[in-house]
Amino acid sequence: MTSNLDRITQQRLAKLERIKSRGVEPYPHKYSTSHTTEQAVALLNQKRKSSKLLSAITIAGRVTAKRRMGK
């Protein structure tokens with residue numbers, strides 16, 4: 001009988017193999033961006049001033065947050 005942790009590990013490995021079998025690299029070495037952060041902010045500000053739809057953009061970076069409550 002396998003433990004719950006072993007079962008979860010086996011499920012995750014099976015999912016990883018399914019992703020690989022579809023030809024998708026699950027841990028890509030590169031990430032392609034379409035805009036810089038400044039360009040994305042500028043597009044967002046333009047969108048707020050007009051009724052244009054915002055096109056899809058791809059940016060990379062870290063999300064940081066400052067929690068004002070809690071420890």
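A patch, as the word is used in these legends, joins residues that have over 30% relative accessible area and no salt bridge, with like charges linked within 9 Å. All views show a predicted model.

**View 1. The positive surface patch.** Arg12, Lys15, Arg18 and Arg22 together form a positive patch on the surface. One of these residues, lysine 15, belongs to helix α1, and its relative accessible area of 49% makes lysine 15 partly exposed. Arginine 22, by contrast, sits in the loop between α1 and α2 (37-49), where this residue is exposed because its relative accessible area of 66% is over 50%.

**View 2. Helix α1 and the residue that follows.** Helix α1 covers residues 4-21, and its 18 residues, at 1.5 Å a residue, should span 26 Å, which agrees with the 26 Å that separates its end C-alpha atoms. In an α-helix there are 3.6 residues a turn, so residues three or four places apart point the same way. Just after α1 comes glycine 23, which adopts a positive phi of about 85°.

**View 3. Alanine 60 and two residues earlier in the chain.** Threonine 33 lies in the loop between α1 and α2 and is partly exposed, with a relative accessibility of 45%. Although threonine 33 and alanine 60 are 27 residues apart along the chain, their C-alpha atoms are separated by 6.6 Å. For lysine 15 and alanine 60, which are 45 residues apart in sequence, the distance from C-alpha to C-alpha is 26 Å.

Conventions: Residues numbered from 1 in each chain as written. Predicted model: local features only at pLDDT ≥ 70, side-chain atom pairs only at ≥ 80, totals over all residues. Heavy atoms only, no water. Helix = DSSP H or I, 4+ residues; strand = E, 2+ residues; numbered from the N terminus. Expected span 1.5 Å × (residues − 1). Patch = residues over 30% accessible without salt bridge, like charges linked within 9 Å, V, L, I, M, F, W, Y side chains within 5 Å. Areas by Shrake-Rupley, 256 points an atom, 1.4 Å probe, with all protein chains shown as cover. Salt bridge = Lys/Arg side-chain N within 4 Å of Asp/Glu carboxyl O. Lys, Arg positive; Asp, Glu negative; His and termini not counted. Charge placed at Lys NZ, Arg CZ, Asp CG, Glu CD. Buried < 20%, exposed > 50% of the residue type's maximum accessible area, 1.4 Å probe, protein only.
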